[in-house]
Amino acid sequence: RARHDPGAGRGRAVNLGVNLLLALLWASIIGPFSPANLGVGFVLGYFVLRIAGGRERRSKYVSHVLATIRLSAFTVVAIIVANIRVARYTVSSLKSLQPAVLTVPLEKDATDAEVTLLAILVTLTPGTLTLDVIGNNEAMLIHFMHVEDPAESIRDIKDGFERRILEVTR
């Protein structure tokens, strides 16, 4: 992949800003000003922008909003599953645990923001902890509470959080 153009994100930011303003306007007019009304306003604003925008602009914004929703849902599910795993590890014998520190290679053109978000989500997930970023965003050292197959653990990070983060940011 070619390095992502930093100016390209400006259009998404403008669309997101307009969408948030539409949500605030909706919640202010409809009342009461509540999270539920903000959510409805955001969804309605999203559809207004989708209809009003050009085909190219609309498809990028739509795909980024959907990618953000997928990343959020994936994160919630990953945290729930990890909590269940850690609870199981806690009640099982400590001798059965196989902790490991693995080097997870990152996308060659990963930005600081993408790497930071990945580090945050990995650390937020119980049973994993980001220790360090190696080189110029070349790899990340991650401590895993239990690893049966190192390659599978690395693949879980790359195909899970990293792929979804890149879908949101690019």
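This passage walks through the fold of a single chain, from its overall layout to its sheet, its helices, its open spaces and two points of its backbone.

The model described here is predicted. Five helices and three strands make up the chain, and a reader moving along the sequence meets them in the pattern α-α-α-β-α-β-β-α. Of the 170 residues in the chain, 34% are buried. Among contacts with a separation of 6 or more, 66% join residues that lie 24 or more positions apart. The chain has an accessible surface of about 10,400 Å², and carbon and sulfur atoms hold 66% of that area.

The sheet is a good place to begin. In general, the strands of a sheet pair through backbone hydrogen bonds, in either a parallel or an antiparallel way. Here the three strands form an open sheet in the order β1-β3-β2, with antiparallel pairing. At the edges are β1 (100-105) and β2 (128-134), each of which pairs on one side only. From one strand to the next, the twist averages 25°. The pairing of β2 with β3 (residues 139-144) is antiparallel and extends over six bridges. Within this pair, I134 is found opposite A139 of β3.

Two helices can be placed against these strands. Helix α4, residues 112-124, packs on the sheet and touches β2 and β3; the direction of α4 makes about 155° with that of β2. Helix α5, residues 150-169, lies across β1 and β3, and runs at about 50° to β1.

The structure also holds some empty space. A search of the whole structure gives one cavity of 30 Å³ or more, and the largest cavity contains about 50 Å³ of space. Its lining is formed by L106, A110, E114, V115, L118, E162, I165 and L166. Helices α4 and α5 are the elements that contribute two or more residues to this lining.

The largest pocket offers about 640 Å³ of space. It is lined by 25 residues, and those closest to its centre are R85, T128, F144, S153 and D156. Both α3 (55-91) and α5 supply at least two residues of the pocket lining. The biggest share comes from α3, which gives nine residues to the lining of the largest pocket. Helix α5 thus appears in several parts of this description: α5 lies across β1 and β3, gives two or more residues to the lining of the largest cavity, and supplies at least two to that of the largest pocket.

Two loops deserve a closer look for their backbone geometry. The first joins α1 (9-30) and α2 (35-52), and P32 has its place there. The peptide bond leading from G31 to P32 is cis, and its omega is near -10°.

The other loop lies between β2 and β3, and contains N137. The phi angle of N137 is near 60°, a positive value in a residue other than glycine. Is this residue buried or exposed? N137 counts as buried because its relative accessibility is 9%, and the cut-off for a buried residue is under 20%. The strands on either side of this loop are β2 and β3, the pair that is joined in the antiparallel sense over six bridges.

Notes
Residues numbered from 1 in each chain as written. Predicted model: local features only at pLDDT ≥ 70, side-chain atom pairs only at ≥ 80, totals over all residues. Heavy atoms only, no water. Pairing = 2+ DSSP bridges. Helix = DSSP H or I, 4+ residues; strand = E, 2+ residues; numbered from the N terminus. Axes fitted to C-alpha atoms, helices over the stretch in contact; angles between N-to-C directions. Contact = heavy atoms within 4.5 Å. Buried < 20%, exposed > 50% of the residue type's maximum accessible area, 1.4 Å probe, protein only. Areas by Shrake-Rupley, 256 points an atom, 1.4 Å probe, with all protein chains shown as cover. 1 Å grid on protein atoms, 1.4 Å probe; cavity = no way out; pocket = protein on both sides within 12 Å on 5 of 7 lines; lining within 4 Å. Points joined across faces, edges and corners; volume = space filled by probe spheres on them.
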